[in-house]
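Hi,

Here is the structure I promised to pass on to you. Have a look at it first, and then read on for what turned up in it.

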Amino acid sequence: MVTEVFTRKYCDPHAVRDEKVEATEVIQFAWDGTVREVDSCEECKKEYETQFEPLVDYSRPVKKRRVTKKTEDSAASGDESAEG
Ligand SMILES: [Zn+2]
């Protein structure tokens, strides 16, 4: 028989503030050349991702918006809009 070990994880960022929030997510970050991770709740993960770049493969640099010199509005035509 296997004894089920019930280990509830708590959010580390919240634990710093003496708050116990169940951790459902994992925050990954680079530390001293290695990727480490901490337990976090959904809220803290979102907060983290807005402050730092996520270390995920599907992340991409934000493209700069093209500034149109013409002041014509409501006449925007995309370059790569190939519909049909
Ligand atoms: Zn949290």
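Following the sequence from its start, you will meet the elements in the order α-β-β-α. That makes 2 helices and 2 strands in the chain. Please keep in mind that this is a predicted model.

On the whole chain: it has 84 residues, and 10% of them count as buried. Among the contacts with a separation of 6 or more, 31% are between residues 24 or more positions apart.

Now for two residues with an unusual backbone angle. Most residues other than glycine have a negative phi. Asp18, although not a glycine, has a positive phi of about 60°. You will find Asp18 in the loop that runs between α1 (12-16) and β1 (25-31). Asp18 counts as exposed because it has 6 C-beta neighbours inside 10 Å, and 12 or fewer is the cut-off for that class.

Asp32 is not a glycine either, and its phi is positive, at about 55°. Its place is the loop between β1 and β2 (34-40). With 5 C-beta neighbours inside 10 Å, Asp32 therefore counts as exposed.

Finally, take a look at Tyr48, which sits in helix α2 (residues 42-51). Is Tyr48 buried, partly exposed or exposed? It has 17 C-beta neighbours inside 10 Å, so it counts as partly exposed. You can also find Phe29, 19 residues away from Tyr48 along the chain; the C-alpha atoms of the two are separated by 9.9 Å.

Enjoy exploring it, and write back with any questions!

Best wishes

Key: Residues are numbered from 1 along each chain as its sequence is written. This is a predicted model: local features need pLDDT of at least 70, side-chain atom pairs count only at pLDDT 80 or more; totals for chains, interfaces and linings use all residues. Helices (H or I, at least four residues) and strands (E, at least two) are DSSP runs, numbered from the N terminus. A residue is buried if 20 or more other C-beta atoms lie within 10 Å of its own, exposed if 12 or fewer, and partly exposed in between; C-beta atoms are placed from the backbone. Two residues are in contact if their C-beta atoms, placed from the backbone, lie within 7 Å.
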